[in-house]
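Thanks, everyone, for making room for this on the agenda. I would like to take you through one structure, going from the overall fold to a few particular residues, and please stop me if anything is unclear.

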Amino acid sequence: MQSSGTDAGSVEEKAGDPGGMEPAEHDLLADLRRARRSLRLQAMDEPPAVARLTPGQRIADAVATVMGSWSFIIVQSAILIVWITANLVGAIRGWDPYPFILLNLALSFQAAYAAPVIMMSQNRQQDIDRKAAEKDYRINVKAELEIELLHEKIDQLREREVLKLTEAVRMLAELLEDSASGAREPYAEGGRPS
(Lines give C-alpha, C1' and ligand atoms only; values in the text may rest on other atoms or scores of the structure.)
Protein backbone atom coordinates (compact mmCIF):
# COMPACT_ATOMS: atom_id res chain seq x y z
CA MET A 1 0.00 0.00 0.00
CA GLN A 2 2.85 2.39 0.80
CA SER A 3 4.45 1.93 -2.63
CA SER A 4 1.21 2.86 -4.39
CA GLY A 5 1.04 6.05 -2.32
CA THR A 6 4.60 6.91 -3.31
CA ASP A 7 3.86 6.15 -6.97
CA ALA A 8 0.71 8.22 -6.76
CA GLY A 9 2.66 11.12 -5.26
CA SER A 10 5.28 11.09 -8.01
CA VAL A 11 2.67 10.89 -10.74
CA GLU A 12 0.61 13.59 -9.00
CA GLU A 13 3.72 15.81 -8.91
CA LYS A 14 4.17 15.21 -12.61
CA ALA A 15 0.45 15.74 -13.21
CA GLY A 16 0.52 18.84 -11.01
CA ASP A 17 2.85 20.45 -13.56
CA PRO A 18 0.98 23.38 -15.16
CA GLY A 19 0.95 21.85 -18.62
CA GLY A 20 1.07 18.27 -17.44
CA MET A 21 4.34 17.84 -19.34
CA GLU A 22 7.96 17.23 -18.50
CA PRO A 23 10.54 19.97 -19.19
CA ALA A 24 11.84 18.14 -22.27
CA GLU A 25 8.33 18.08 -23.69
CA HIS A 26 7.94 21.82 -22.99
CA ASP A 27 11.22 22.48 -24.83
CA LEU A 28 10.18 20.31 -27.78
CA LEU A 29 6.81 22.05 -28.04
CA ALA A 30 8.44 25.49 -27.79
CA ASP A 31 10.96 24.57 -30.53
CA LEU A 32 8.11 23.31 -32.69
CA ARG A 33 6.17 26.55 -32.27
CA ARG A 34 9.28 28.64 -33.06
CA ALA A 35 9.95 26.59 -36.22
CA ARG A 36 6.34 26.99 -37.32
CA ARG A 37 6.48 30.77 -36.79
CA SER A 38 9.79 31.07 -38.68
CA LEU A 39 8.38 29.09 -41.62
CA ARG A 40 5.34 31.35 -41.73
CA LEU A 41 7.59 34.42 -41.72
CA GLN A 42 9.79 32.92 -44.47
CA ALA A 43 6.73 32.24 -46.59
CA MET A 44 5.65 35.87 -46.19
CA ASP A 45 9.14 37.24 -46.95
CA GLU A 46 9.74 35.14 -50.07
CA PRO A 47 8.56 36.76 -53.29
CA PRO A 48 6.53 34.54 -55.58
CA ALA A 49 8.57 32.12 -57.69
CA VAL A 50 7.38 33.73 -60.94
CA ALA A 51 8.87 37.11 -59.99
CA ARG A 52 12.36 35.59 -59.59
CA LEU A 53 12.55 33.88 -62.99
CA THR A 54 15.44 34.73 -65.25
CA PRO A 55 14.67 35.81 -68.83
CA GLY A 56 15.85 32.40 -70.09
CA GLN A 57 13.46 30.61 -67.74
CA ARG A 58 10.57 32.81 -68.81
CA ILE A 59 11.35 32.11 -72.48
CA ALA A 60 11.62 28.36 -71.82
CA ASP A 61 8.25 28.39 -70.04
CA ALA A 62 6.62 30.38 -72.84
CA VAL A 63 8.01 28.06 -75.55
CA ALA A 64 6.93 24.95 -73.60
CA THR A 65 3.47 26.44 -73.09
CA VAL A 66 3.03 27.32 -76.76
CA MET A 67 4.50 24.08 -78.15
CA GLY A 68 2.47 21.99 -75.75
CA SER A 69 -0.86 23.38 -76.90
CA TRP A 70 -3.45 22.25 -79.41
CA SER A 71 -3.30 25.60 -81.17
CA PHE A 72 0.38 25.01 -81.99
CA ILE A 73 -0.36 21.53 -83.34
CA ILE A 74 -3.26 22.82 -85.46
CA VAL A 75 -1.29 25.82 -86.84
CA GLN A 76 1.78 23.71 -87.58
CA SER A 77 -0.36 21.03 -89.29
CA ALA A 78 -2.03 23.72 -91.41
CA ILE A 79 1.36 25.17 -92.42
CA LEU A 80 2.66 21.70 -93.33
CA ILE A 81 -0.44 20.94 -95.42
CA VAL A 82 -0.15 24.27 -97.27
CA TRP A 83 3.60 23.75 -97.81
CA ILE A 84 3.22 20.22 -99.16
CA THR A 85 0.19 21.11 -101.31
CA ALA A 86 1.87 24.18 -102.79
CA ASN A 87 4.97 22.19 -103.67
CA LEU A 88 3.06 19.20 -105.08
CA VAL A 89 0.68 21.29 -107.20
CA GLY A 90 3.57 23.31 -108.50
CA ALA A 91 2.42 26.72 -107.32
CA ILE A 92 5.95 27.33 -106.11
CA ARG A 93 8.22 26.10 -108.94
CA GLY A 94 11.40 24.50 -107.79
CA TRP A 95 11.14 25.75 -104.19
CA ASP A 96 11.01 22.37 -102.37
CA PRO A 97 10.27 19.43 -104.70
CA TYR A 98 8.81 16.10 -103.63
CA PRO A 99 11.20 14.67 -101.03
CA PHE A 100 10.65 18.00 -99.23
CA ILE A 101 14.25 18.31 -98.07
CA LEU A 102 13.82 21.95 -97.06
CA LEU A 103 10.72 21.06 -95.02
CA ASN A 104 12.64 18.25 -93.29
CA LEU A 105 15.47 20.66 -92.56
CA ALA A 106 13.06 23.23 -91.09
CA LEU A 107 11.33 20.62 -88.91
CA SER A 108 14.69 19.22 -87.74
CA PHE A 109 15.85 22.74 -86.92
CA GLN A 110 12.65 23.35 -84.94
CA ALA A 111 13.01 20.06 -83.03
CA ALA A 112 16.71 20.67 -82.31
CA TYR A 113 15.93 23.94 -80.54
CA ALA A 114 12.55 23.07 -79.07
CA ALA A 115 13.65 19.92 -77.23
CA PRO A 116 16.33 21.53 -75.01
CA VAL A 117 14.12 24.54 -74.28
CA ILE A 118 11.24 22.28 -73.25
CA MET A 119 13.65 20.19 -71.13
CA MET A 120 14.79 23.37 -69.34
CA SER A 121 11.20 24.19 -68.50
CA GLN A 122 10.54 20.64 -67.31
CA ASN A 123 13.69 20.64 -65.13
CA ARG A 124 12.61 23.89 -63.50
CA GLN A 125 9.13 22.48 -62.89
CA GLN A 126 10.73 19.36 -61.42
CA ASP A 127 12.72 21.55 -58.99
CA ILE A 128 9.53 23.36 -57.99
CA ASP A 129 7.77 20.02 -57.40
CA ARG A 130 10.72 18.71 -55.37
CA LYS A 131 10.68 21.80 -53.14
CA ALA A 132 6.92 21.46 -52.67
CA ALA A 133 7.38 17.79 -51.71
CA GLU A 134 10.08 18.74 -49.17
CA LYS A 135 7.79 21.38 -47.69
CA ASP A 136 4.93 18.86 -47.47
CA TYR A 137 7.26 16.40 -45.75
CA ARG A 138 8.31 19.00 -43.16
CA ILE A 139 4.67 19.86 -42.50
CA ASN A 140 3.81 16.17 -42.09
CA VAL A 141 6.68 15.66 -39.63
CA LYS A 142 5.51 18.66 -37.60
CA ALA A 143 1.94 17.39 -37.60
CA GLU A 144 3.18 13.99 -36.45
CA LEU A 145 5.13 15.59 -33.58
CA GLU A 146 2.11 17.60 -32.50
CA ILE A 147 -0.09 14.50 -32.61
CA GLU A 148 2.45 12.62 -30.48
CA LEU A 149 2.44 15.47 -27.95
CA LEU A 150 -1.36 15.40 -27.87
CA HIS A 151 -1.28 11.64 -27.27
CA GLU A 152 1.14 12.15 -24.40
CA LYS A 153 -1.06 14.85 -22.89
CA ILE A 154 -4.12 12.61 -23.15
CA ASP A 155 -2.18 9.76 -21.51
CA GLN A 156 -1.16 12.10 -18.69
CA LEU A 157 -4.74 13.25 -18.23
CA ARG A 158 -5.83 9.62 -18.12
CA GLU A 159 -3.13 8.91 -15.52
CA ARG A 160 -4.37 11.81 -13.40
CA GLU A 161 -7.94 10.60 -13.63
CA VAL A 162 -6.91 7.06 -12.70
CA LEU A 163 -4.96 8.44 -9.72
CA LYS A 164 -7.91 10.53 -8.61
CA LEU A 165 -10.24 7.55 -8.95
CA THR A 166 -7.78 5.31 -7.09
CA GLU A 167 -7.52 7.88 -4.30
CA ALA A 168 -11.30 8.20 -4.16
CA VAL A 169 -11.70 4.41 -3.98
CA ARG A 170 -9.05 4.25 -1.23
CA MET A 171 -10.81 6.99 0.74
CA LEU A 172 -14.16 5.28 0.29
CA ALA A 173 -12.63 1.98 1.42
CA GLU A 174 -11.24 3.70 4.52
CA LEU A 175 -14.62 5.29 5.22
CA LEU A 176 -16.33 1.95 4.83
CA GLU A 177 -13.75 0.34 7.09
CA ASP A 178 -14.22 3.10 9.68
CA SER A 179 -17.99 2.84 9.52
CA ALA A 180 -17.83 -0.96 9.64
CA SER A 181 -15.48 -0.88 12.62
CA GLY A 182 -17.66 1.79 14.27
CA ALA A 183 -20.69 -0.43 13.80
CA ARG A 184 -18.86 -3.47 15.27
CA GLU A 185 -17.73 -1.70 18.43
CA PRO A 186 -21.18 -1.63 20.07
CA TYR A 187 -21.56 -5.35 19.34
CA ALA A 188 -18.10 -6.06 20.72
CA GLU A 189 -18.97 -4.28 24.00
CA GLY A 190 -21.96 -6.56 24.32
CA GLY A 191 -24.57 -3.97 23.85
CA ARG A 192 -27.06 -3.32 21.20
CA PRO A 193 -26.77 -0.40 18.87
CA SER A 194 -29.20 2.30 19.72
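I will begin with the whole chain, then turn to the salt bridges, and end with a surface patch.

Please keep in mind throughout that what you see is a predicted model, and that the values I quote are computed from it. The protein has five helices and zero strands, so that, read from the N terminus, the order of elements is simply α-α-α-α-α. Of its 194 residues, 12% count as buried, and the accessible surface comes to about 15300 Å², with 64% of that belonging to carbon and sulfur atoms. If we take the contacts between residues at least 6 apart in sequence, 62% of them join residues at least 24 apart.

Where, then, do distant parts of the chain meet through a salt bridge? One such place is the pair formed by Arg124 and Asp61, whose side chains come together in a salt bridge at 2.0 Å, N to O. This pair links distant parts of the chain, since Arg124 belongs to helix H5 and Asp61 to helix H3, with their positions 63 residues apart. Arg124 has a relative accessible area of 15% and is therefore buried, the cut-off being under 20%, and Asp61, also at 15%, is buried as well.

Staying with these two helices, let me add Ser121, which sits in helix H5, residues 101–188. Ser121 counts as buried because its relative accessibility is 12%, and, leaving aside neighbours within four places in sequence, Ser121 is in contact with Ala60, Asp61 and Ala64.

Asp61 comes up once more when we look at Thr65, which is placed in helix H3, residues 55–67. The side chain of Thr65 reaches the backbone oxygen of Asp61 at 2.7 Å. Is Thr65 buried or exposed? With a relative accessible area of 55%, Thr65 is exposed. The C-alpha atom of Thr65 is separated by 8.8 Å from that of Ile118, although the two residues are 53 apart along the chain.

Now to the other salt bridges, of which the total count for the model is six. As a reminder, side chains of opposite charge can pair when their charged atoms come close. Within helix H5, Glu167 and Arg170 meet in a salt bridge at 2.0 Å, N to O, and because they are three residues apart in that helix, they are separated by about one helical turn. Both partners are partly exposed, Glu167 at 27% relative accessibility and Arg170 at 33%. Arg158 and Asp155 also form a salt bridge, with their closest N and O atoms 3.4 Å apart, and they too lie three residues apart in helix H5, about one turn of the helix. Here Arg158 counts as exposed at 52%, while Asp155, at 38%, counts as partly exposed. In addition, Asp127, Arg130 and Glu134 are linked in a network of salt bridges.

Finally, which residues make up the nonpolar surface patch of about 390 Å²? They are Ile92, Trp95, Leu102 and Leu105. Among them, Ile92 is found in the loop between helix H4, residues 70–89, and H5, and Ile92 is partly exposed, with a relative accessible area of 38%.

That is where I will stop, and I am glad to take questions.

Methods:
Residues are numbered from 1 along each chain as its sequence is written. This is a predicted model: local features need pLDDT of at least 70, side-chain atom pairs count only at pLDDT 80 or more; totals for chains, interfaces and linings use all residues. Side-chain values use heavy atoms; hydrogens and water are left out. Helices (H or I, at least four residues) and strands (E, at least two) are DSSP runs, numbered from the N terminus. Buried means under 20% relative accessible area, exposed over 50%, partly exposed in between (1.4 Å probe, protein chains only). A polar contact is a pair of N or O atoms within 3.5 Å; within protein, one must be able to donate a hydrogen and the other to accept it, and residues adjacent in sequence count only if both atoms are side-chain atoms. Contact means heavy atoms within 4.5 Å. Accessible areas come from the Shrake-Rupley method with a 1.4 Å probe; for residues, only the protein chains shown count as cover. Patches are made of residues with over 30% relative accessible area and no salt bridge: like charges are joined within 9 Å, nonpolar side chains (Val, Leu, Ile, Met, Phe, Trp, Tyr) within 5 Å. A salt bridge is a side-chain nitrogen of Lys or Arg within 4 Å of a carboxyl oxygen of Asp or Glu.
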